[in-house]
Amino acid sequence: MNQTPGRKPTPKNQFSFSRLKSFDHCPFKYKLRYLKGLKEAFRSIESYLGNTVHDVLEWMYVARRDGSSPDITAVLEHFDEQWRQEWPEDLAVVRSSDGPDSYFRLGREMLERFFNEVYVQDRSETLELEQRCTARLSERVVFTGFADRVGRTTAGTLFVVDYKTSKRAGDPSEFSEGLQALLYAACALDRHGEDSALAGYHYIRLGTSNWHDVDRDRARQVLNRFLHLAEATLDATEFPAQPGVLCAWCGFNHICTFAAVPDGLNGGQSLARENLEL
Ligand code: SF4
């Protein structure tokens, strides 16, 4: 198998939610990415869109915290600048029926919706943005992650919100809504000396939010569950491939002999192969 030049393997004891989700989706991809330290050969435009929208939301709340309040024109101008600033060479449009402009328009639509339906009415206080969360769970496992926004409602309730740009809202399962924001809330309880918080997911494309209560018991439960999953990952001796629809978005699909990438979703694979030949 040809290998994409690498990055360092992730420290063995550092576990993010994404790391465990990667193991759940495809143990073989997990092995390549986290144990061998290989770099994925492309970034999908969906992830670029998600990161760019997150950057703009952070900018909006930093501006508000600093006493200014950008209007929608400034928000969209900032998005345009960010989108075009550094167009990564490894950026792939996976769906061949789409073009980059459709994602650009989608980003603007999401931000307009968020601005009109959430931001202008939002009177909550921002405490932290892109806050690093860590918790040592055992000798072998440290949980790490970044909370998009930590704040307080006007009634004083601590909350943590994770912004999503996905097409669909999540469900209660643990690799959807069941763990991620709740883990960040568990860390926020300690940092802010509180006994309860709200953990939320805001779906920017849909304009909806789902909130979960996290008290000290719930926090312990989710941290214990995360520890259990991380320990199982550490103890794994086999890493079978689990091909499926997500292969199209996997940055190893040009070197993985198990990849199942249908025509019409092969933009990433084609780009990776072209770059390999250069
Ligand atoms: S291409 Fe598919 S099967 Fe291969 S590593 Fe990626 S997700 Fe797993």
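Start by selecting F258, which sits in the loop between α8 (216–235) and α9 (267–277). Bear in mind as you click around that this is a predicted model.

**Stop 1: F258 and its surroundings**

Is F258 buried, exposed or partly exposed? It counts as partly exposed, because there are 14 C-beta neighbours inside 10 Å, and a buried residue would need 20 or more. Now show its contacts: leaving out residues up to four places away in sequence, F258 touches F28, A241 and P243. Then pick A232 and draw a distance to F258. The two are 26 residues apart along the chain, and their C-alpha atoms are separated by 24 Å.

**Stop 2: helix α2**

F28, one of the contacts of F258, takes you to helix α2, residues 27–35. Which residues of α2 are buried? Select F28, K29, Y30, L32, R33 and Y34 and you have them. Note that K29 and R33 are in that buried set. Next, colour residues 17–25: this is α1, and it is part of what covers the buried residues of α2. Step just past the end of α2 to G37, which takes a positive phi of about 75°.

**Stop 3: the ligand**

Centre the view on the ligand. How many residues surround it? There are 14, and the closest are C26, C247, C250, C256 and A259. Colour this shell by residue type and you get 11 nonpolar, two polar and one charged.

**Stop 4: the domains**

Zoom out and colour by domain. The assignment gives domain 1 as 14–39 + 244–277, domain 2 as 43–121 and domain 3 as 125–234. Domain 1 is written as two stretches of the chain, so select both 14–39 and 244–277. Taken over C-alpha atoms, the centres of domain 1 and domain 2 are 25 Å apart. Where these two touch, domain 1 puts in eight residues and domain 2 puts in seven. On the domain 1 side of that contact, you will find four nonpolar residues, four polar ones and no charged ones.

**Stop 5: the cores**

Which residues have the most contacts inside the largest nonpolar core? Select V160, L182, L183, Y184, A185 and A188; the core as a whole has 52 residues. Helix α7, residues 180–192, gives the most to this core, with eight residues. There is also a second, separate core of 11 residues, and V53, V56, W83 and M110 are among them.

Go back to L183 for a closer look. Setting aside neighbours within four places in sequence, L183 is in contact with F17, F143, G145, V222, L223 and F226.

**Stop 6: L137**

Keep F143, L223 and F226 on screen, as they turn up again here: L137 is in contact with V142, F143, L223, F226 and L227, not counting neighbours within four places in sequence. L137 lies in the loop between β4 and β5 (142–152). With 18 other C-beta atoms within 10 Å, L137 is partly exposed. Try a distance to N224 as well: the pair are 87 residues apart along the chain, yet their C-alpha atoms are separated by 7.8 Å.

**Stop 7: E130**

Walk back into strand β4, residues 125–136, and pick E130. What is the sign of its phi? The phi of E130 is positive, about 50°, although E130 is not a glycine. For context, most residues other than glycine have a negative phi. E130 counts as partly exposed, with 13 C-beta neighbours inside 10 Å.

**Stop 8: E174**

Jump to helix α6, residues 174–178, where you will find E174. This one has 17 C-beta neighbours inside 10 Å, so E174 counts as partly exposed. Apart from residues up to four places away in sequence, E174 touches L179 and R225. For a long line across the view, connect E174 to D98: the C-alpha atoms are separated by 31 Å, and the residues are 76 apart along the chain.

**Last stop: the whole chain**

Switch to cartoon view and look for nine helices and eight strands. The radius of gyration is 20 Å, close to the 19 Å that the globule rule gives for 278 residues, so the chain is as compact as a globular protein of that length. Along the principal axes, the C-alpha atoms fill a box of roughly 55 × 50 × 30 Å. Colour by burial and 32% of the 278 residues come up as buried. Among contacts with a separation of 6 or more, 68% are between residues 24 or more positions apart.

How values were computed: Residues are numbered from 1 along each chain as its sequence is written. This is a predicted model: local features need pLDDT of at least 70, side-chain atom pairs count only at pLDDT 80 or more; totals for chains, interfaces and linings use all residues. A residue is near a molecule or strand if its C-beta atom, placed from the backbone, lies within 6 Å of it. Ala, Val, Leu, Ile, Met, Phe, Trp, Tyr, Cys and Pro count as nonpolar, Asp, Glu, Lys and Arg as charged, and the others, Gly among them, as polar. A nonpolar core is a set of buried Ala, Val, Leu, Ile, Met, Phe, Trp, Tyr and Cys residues joined through C-beta atoms within 7 Å. A residue is buried if 20 or more other C-beta atoms lie within 10 Å of its own, exposed if 12 or fewer, and partly exposed in between; C-beta atoms are placed from the backbone. Helices (H or I, at least four residues) and strands (E, at least two) are DSSP runs, numbered from the N terminus. The radius of gyration is taken over C-alpha atoms; the globule rule is 2.2 Å times the number of residues to the power 0.38.
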